[in-house]
Amino acid sequence: MNYKHLLPALGLAVVLAGAQPASALPRNLPAPGGVAVVPLDDWGDVPPKVSFGDRTPVAVARHQARWYALLGISLDAAPGPIHLNVVGRNSARTIDVTVGRKDYPTQRLTIRDKRKVEPNPDDELRILAEKEITDRIKTAYAERELDPDFILPAKGPLSSRFGLRRIFNGLPRNPHAGLDVAVGIGAPIRAPSSGVVVNTGDYFFNGNTVFVDHGRGLVSAYMHLSRIDVKEGQTVKRGDLLGAVGSTGRVTGPHLHWAVFLNGTAVDPELFLMGQ
């Protein structure tokens, strides 16, 4: 695991810089695991600052001459309102986003490596250390232009969808916080949009993994790789090679697990595939 210089490159700044217009926005789904796409008033060329809760910053993207807030909603969010705080140069207001209900099906899987389901004490220490790393990556907020118009990072059929309630070897575990693409070992994995590689490493559950920061709290991850072809700090464009599909970590077979995080929470990656 490469832990070095993790996070000067990420920056936790909440200042919103000017942005180029996004060619597409994610699909609006104000429900657990979804994204609320919230149109904002006319704030001019300078984007407003948007936050919620304990001042958690919310991504803002420009589309067709208007600003939109992109709020990621946690899988465990309860139905009801979320209050967005919107601050511009000379004004401030609150916008309420109503979170609806969404139910996800259950998936039962058998894992041959029992340690990946019931880790031993040494594994638990490793998992905890890795969680501290990934939590900081997911909650980073970089002053970078954001283009949320994604392409699918690997060519293949979609298998396990986001949000599945998972049971491994008869034991309930965390929901499936990503989208699986069923492709064979060695298939190329490409960046869905521009960004900066902020971390690469070999994780206990995720195997060989690449994290890309797309700016303004939008982060993507590519897991179970057989090969990593990028380095931390590297800038990538849409379509650039990140690595190759593998079967490392906790898997039942080779595939790409693609995860997308928005303001620190996992959201459904399919919502970002509007341009396809």
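## Cores, a three-stranded sheet and selected residues

Of the 37 residues in the largest nonpolar core, those touching the most other members are L70, Y222, L256, W258 and F272. Two or more residues of this core are contributed by each of β1, β4, β5, β11 (179-181), β14 (207-215), β15 (218-228), β17 (241-245) and β18 (256-262). β18 supplies the largest share, four residues. A further core of 17 residues lies apart from this one, and V58, W67, I82 and V99 are among its members.

The model is predicted. Its protein chain has an average pLDDT of 85, and 83% of the residues reach at least 70. Residues 1-19 stay under 50 in pLDDT; for this stretch the model has 53 contacts beyond four places in sequence.

Y222 is one of the residues of the largest core that touch the most other members. Beyond its neighbours within four places in sequence, Y222 contacts P153, I189, P192, N208, T209, V210, V212, H214, L242, L256, H257 and W258. Two of these partners, L256 and W258, are also listed with Y222 among the core residues that touch the most other members.

**The sheet β1-β5-β4**

Strands β1, β5 and β4 form an open sheet in that order, with antiparallel pairing. Each of β1 and β4 has a single partner strand and stands at an edge, so one side of each has no neighbour in the sheet. On average, neighbouring strands here are turned by 30 degrees against each other, direction ignored.

The two strand pairs are β1 (residues 35-39) with β5, joined by five bridges and antiparallel, and β4 (residues 59-63) with β5, likewise antiparallel and joined by five bridges. Individual bridge partners are listed below.

| Residue | Partner in β5 |
|---|---|
| A36 | L71 |
| A59 | L70 |
| V60 | A69 |

β4 and β5 also form a hairpin, with two residues between the strands. Q64, in the turn, has a positive phi of about 50 degrees.

What is the burial state of strand β5 (residues 66-72)? Six of its seven residues are buried, so β5 is largely enclosed by the rest of the structure. In a regular strand, side chains alternate between the two faces of the sheet. L70, the bridge partner of A59, is one of the residues with the most contacts to other members of the largest core. W67 belongs to the other core, the one of 17 residues.

**P57 and N199**

P57 is located in strand β3 (residues 56-57). With a relative accessible area of 16%, P57 falls under the 20% limit and therefore counts as buried. P57 and G264 are separated by 207 residues in sequence, while their C-alpha atoms are 9.4 Å apart in space.

N199 is part of strand β13 (residues 195-203). Is N199 buried or exposed? Its relative accessibility is 0%, so N199 counts as buried. The side chain of N199 makes a polar contact of 2.7 Å with the side chain of Y203.

How values were computed: Residues numbered from 1 in each chain as written. Predicted model: local features only at pLDDT ≥ 70, side-chain atom pairs only at ≥ 80, totals over all residues. Heavy atoms only, no water. pLDDT = per-residue confidence, 0-100. Contact = heavy atoms within 4.5 Å. Buried < 20%, exposed > 50% of the residue type's maximum accessible area, 1.4 Å probe, protein only. Polar contact = N/O pair within 3.5 Å; in protein donor to acceptor, adjacent residues only side chain to side chain. Pairing = 2+ DSSP bridges. Core = buried A, V, L, I, M, F, W, Y, C linked by side-chain atoms within 4.5 Å. Axes fitted to C-alpha atoms, helices over the stretch in contact; angles between N-to-C directions.
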